[in-house]
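Subject: Structure for your review

Dear colleague,

Please find below the structure that I am handing over to you. I would be grateful if you could read the notes beneath it with the structure open.

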Amino acid sequence: MNGFSKLSGATKGYIVLIALVFLSWLIFKILTPDNFGSPENLMAYFQASLIATVGAIGFYFVMDMGLFDFSIGANIILSAVVGCQLANTFGMGYPGLILGCIITGSLVGLCNGFFYVRLRIPSMIVTAGLALIYESIANYIAGGVGQTLPSDMRGLGQMPGNIILACITFVIAYVMLNYTKFGTYTYAIGSNEYVAKNMGINVDRYKVYAFILSGAFFGAMAILTISYGSSIVAVTGMQSMSRNFIPTMGCFFGLAFMRYGIPLQAIILGEFIVNIIFFGFISLGAPTAIQDMISGLALLIIITLTTKIVKGEIVK
């Protein structure tokens, strides 16, 4: 135990994360040894987790500032619909898919940030209201018809395309978070917004930047989503919010392991853990309601065990 305490923060964080990955795998491997947890299955779980990982990495910049976004699912659907339309209807192929998704996601992020700083109401309320608008726009563009990518344009939904795209987003986020003024200001605003303002940081501007960056990453997530699943349906009535859960869970891992100095790495392994649990319940044949309940409970336990609250600290 003394040896563990002498390790660096990053090393401790990696040990805890790897232990959680192994424990998650071991539990379901014992419960259902025949159809879960083989090396091939683990690779499939990891590839599936990359979809949410890309979005969660971008969302981290928003959540670290103490903000929230209820329009994640609506953004993904709208971006995927626009990208699919440009790729198919306008014959732009991969450039249309990639640029359409990322630019649309960035514009959605810009709208979120703009209305948040202008209206001066909580970000979750602003983005929840805007999600209804994004859903309606996506449904109008799609014409009420599901959007499908042709089989020759799904390369980014499988290896090595999905790995390459995920690595690019991770490198971009890592560089921005650790080697740019934007990353420094992100931590400053998240740590103490009042102090950040007194330091001369234009807090509102950088919050808008965070939403734009987050939106671009959700656009990249939309590329992986429609490439992996081959199709997407524009929904209304806030049904898109079901897509908010998984990226948000990954972000919680990032926030919990920020004290170890490895937030982005924690998001990657955290999403992998979430997928191991998800596919483990599928292997057990558990009903969806039970899966969601246990997954939420597991998240609370993991975050509780990995987040140390200082006595007297205000928990928001």
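The notes below concern one helix, one cavity and one residue.

Please bear in mind that this is a predicted model.

I begin with helix α3, which covers residues 39-64. Its axis does not run straight throughout: the helix bends by about 35° at I51. Of the 26 residues of α3, 19 are buried, so the helix is largely enclosed by the rest of the structure. Just after α3 comes G66, which takes a positive phi of about 85°.

The second point is a cavity. The structure holds one cavity of 30 Å³ or more, and the volume of the largest cavity is about 30 Å³. Its lining is made up of Q47, L50, I51, L156, G157, N162, L224 and Y228. Two elements, α3 and α10 (203-229), each give two or more residues to this lining. The largest contribution is that of α3, with three residues. By character, the lining residues divide into five nonpolar and three polar, with no charged residue. I51, where α3 bends, is also one of the residues that line the cavity.

The last point concerns Q47, a residue of helix α3 that likewise belongs to the cavity lining. Is Q47 buried or exposed? Its relative accessible area is 16%, and because buried means under 20%, Q47 counts as buried. Neighbours within four places in sequence aside, Q47 is in contact with Q158, M159 and N162. Of these partners, N162 is also listed in the lining of the largest cavity.

Yours sincerely

Technical notes
Residues numbered from 1 in each chain as written. Predicted model: local features only at pLDDT ≥ 70, side-chain atom pairs only at ≥ 80, totals over all residues. Heavy atoms only, no water. Bend = angle between axes of the 7 residues up to and from the residue. Helix = DSSP H or I, 4+ residues; strand = E, 2+ residues; numbered from the N terminus. Buried < 20%, exposed > 50% of the residue type's maximum accessible area, 1.4 Å probe, protein only. 1 Å grid on protein atoms, 1.4 Å probe; cavity = no way out; pocket = protein on both sides within 12 Å on 5 of 7 lines; lining within 4 Å. Points joined across faces, edges and corners; volume = space filled by probe spheres on them. Nonpolar A, V, L, I, M, F, W, Y, C, P; charged D, E, K, R; others polar. Contact = heavy atoms within 4.5 Å.
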